[in-house]
Amino acid sequence: MPEDLPQRVRTVWWEEDEKSATVVLLDQSLLPQQVVYLHLKDEEQVADAIKTLKVRGAPAIGVTAAFGMALALYRLQREAAERGEALTLDQAHAHLLAAGHLLGLTRPTAVNLFWAIERMQRRADQLVGQGCGVEELGRALRTEAQAIADEDFAACQRMGEYGAALIADGDTLLTHCNAGALATAGWGTALAPMYVASRAGKQIHVFVDETRPILQGARLTAWELQQEGIPLTLITDNMAGHFMHHGGIKAVFVGADRIAANGDVANKIGTYSVAVLARAHNIPFYVVAPCSTVDLSLPSGEHIPIEQRNPEEVTRVRDAQVAPVGVNVANPAFDVTPHTYVTAIITEKGIARPPYEVTLRQIFRDEHDS
Ligand code: MRU
């Protein structure tokens with residue numbers, strides 16, 4: 001794990017000694033009241049942690065799923081060894097397929113999850129095709145999962161540098177949901193430019209949407225910006241227009257869960273409204289996301305699957321019931337912002353501007369050429 005990320009905002013990592021291995025997660029469902037680290041022992045626990053938002057944010061769930069697959073094989077090997085049995089390569093391979101399937105059922109929208117599972121699966125297929133040993137397969141998968149985490153850390157740094165160039169000293173910015181360190185294995189996506197700008201000595205102020213229904217802005221973004229000492233103002237989601245009109249907001253930075261080939265962006269519910277407000281006030285609307293969030297197989301955002309979550313997230317605020325019992329509720333976790341509202345998409349490979357069907361493909365071509 002990179003040294004320069006403070007322990008308190010480290011989201012997920014692998015821990016191993018001679019006897020055991022665990023995936024360690026900062027339990028985000030308890031923040032900011034409690035800072036608790038979970039030590040997950042098998043892929044079922046990892047899948048449950050993703051489903052119940054103990055870990056959340058598109059890049060972070062991809063990294064977690066990759067570690068989850070490595071853990072699945074580690075556990076199977078360990079159990080076989082305890083019984084004095086040797087695992088066959090076929091058993092190991094089949095188990096990995098099943099683990100990937102289980103992890104893929106957790107959350108449908110963030111494409112980073114499927115990207116990471118498929119990358120782990122491809123590495124396994126490659127090694128199995130070469131007739132490797134089971135021990136070697138296990139080691140290679142741990143290395144691959146760590147590479148996914150390390151690449152995400154590096155991508156955050158690059159996105160931070162590209163994005164910080166768009167922030168001037170004295171700027172007031174607005175963000176929605178949490179697309180910071182807690183949502184990645186590094187400094188974050190949308191918050192990374194703020195961290196880089198602030199560490200370079202630029203004075204910034206961030207308006208943070210609380211992000212109903214489950215308050216990732218209030219609970220997570222406010223907490224992690226506070227940890228870094230970046231001045232912020234927490235607002236309810238319905239205050240964004242007011243502060244765009246009166247608060248001197250110079251730019252909006254948000255993350256993404258999936259970006260279609262035409263630049264349509266799925267992100268936390270409410271992002272679309274923020275984008276429309278930004279356009280009405282002539283404020284640039286920047287989306288910050290790594291290439292692992294871009295899904296060129298989908299021509300437009302209409303094809304992005306939107307997660308529907310438990311109605312209780314809307315009828316209750318934490319333990320308090322706030323709506324009449326039995327009321328009809330809708331709770332889509334994400335919305336799609338049409339590309340026409342997006343000023344630029346900041347990736348680790350550079351900044352894409354319209355027309356996105358051309359510029360996003362260009363970024364991918366450059367990635368594969370390099
Ligand atoms: O439901 P969540 O908390 O996983 O939603 C997270 C978001 O919508 C983030 O903005 C997105 O994943 C980008 S994270 C760098």
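**Close-up views of the predicted model**

**Figure 1. Strands E4 and E5 run parallel and are joined by four bridges.** The view is taken from a predicted model. E4 covers residues 172-175, and its Thr175 stands opposite Val208 in E5. Between the two strands the chain passes through helix H6 (residues 192-199), giving a β-α-β crossover that is right-handed. Strand E5 (residues 205-209) is mostly covered, with four of its five residues buried.

**Figure 2. Strand E5 also pairs with strand E6 (residues 232-235).** These strands run parallel and are joined by four bridges. One of the pairs brings Phe207 together with its bridge partner in E6, Thr233. Helix H7 (residues 216-228) carries the chain from E5 to E6, and this β-α-β crossover is likewise right-handed.

**Figure 3. Helix H6 is mostly covered.** Seven of the eight residues of H6 are buried, namely Ala192, Pro193, Met194, Tyr195, Val196, Ala197 and Ser198. The packing partners of these buried residues include two helices, H5 (134-164) and H7. They also include the strands E4, E5, E7 and E10 (285-288). Gly201, which follows H6, has a positive phi, near 95°.

**Figure 4. Asp257 carries the UniProt feature "active site".** The annotation comes from an unreviewed entry. Asp257 lies in the loop that connects strand E7 (249-254) with strand E8 (258-260). Asp257 counts as buried because 32 other C-beta atoms lie within 10 Å, against a threshold of 20 or more. Beyond residues up to four places away in sequence, Asp257 touches Ala58, Thr109, Ala110, Ala266, Asn267, Thr293 and Phe334.

**Figure 5. The shell around the ligand contains 18 residues.** Those that come nearest are Arg56, Ala58, Ala183, Gly255 and Lys268. By residue class, the shell comprises eight nonpolar, seven polar and three charged residues. Helix H2 (58-82) and strand E9 (265-268) each contribute at least two residues to this shell. The unreviewed UniProt entry places the feature "binding site" at Arg56, Gly57, Ala58, Arg107, Gln216, Asn267 and Lys268.

**Figure 6. Ala58 and Gln216 are among the positions to which UniProt assigns the feature "binding site".** Ala58 lies in helix H2 and is classed as buried because it has 27 C-beta neighbours inside 10 Å. Leaving aside residues up to four places away in sequence, Ala58 touches Ala110, Asn112, Ala183, Gly255, Ala256, Asp257 and Thr293. Asp257, to which the "active site" feature is assigned in the unreviewed UniProt entry, is thus one of the contacts of Ala58. Gln216 is found in helix H7 and is buried, with 27 other C-beta atoms within 10 Å. With the same exclusion of residues up to four places away in sequence, Gln216 touches Cys177, Asn178, Thr211, Thr221 and Lys268.

**Figure 7. Four strands form an open sheet in the order E11-E8-E9-E14.** Pairing within this sheet is mixed. Its edges are formed by strand E11 (294-295) and strand E14 (334-337), each of which pairs on one side only. E8 and E9 run antiparallel and are joined by two bridges. Ile259 has Val265 in E9 as its bridge partner.

**Figure 8. Strand E15 (residues 344-347) has buried residues pointing both ways.** In a regular strand the side chains alternate between the two faces of the sheet. Ala344 and Ile346 point one way from E15, while Ile345 and Thr347 point the other way, and all are buried. Three bridges join E15 to E10, and these strands run parallel. The bridge partner of Tyr286 in E15 is Ala344. E15 also pairs with strand E16 (residues 350-352), here in the antiparallel sense and over three bridges. Thr347 has Gly350 as its bridge partner in E16. E15 and E16 form a hairpin, with two residues between the strands.

Notes
Residues numbered from 1 in each chain as written. Predicted model: local features only at pLDDT ≥ 70, side-chain atom pairs only at ≥ 80, totals over all residues. UniProt positions renumbered as here; feature names shortened; annotations may be inferred. Buried ≥ 20, exposed ≤ 12 C-beta atoms within 10 Å, placed from the backbone. Contact = placed C-beta atoms within 7 Å. Pairing = 2+ DSSP bridges. Right-handed = clockwise from strand over helix to strand, strands pointing away. Near = placed C-beta within 6 Å. Nonpolar A, V, L, I, M, F, W, Y, C, P; charged D, E, K, R; others polar.
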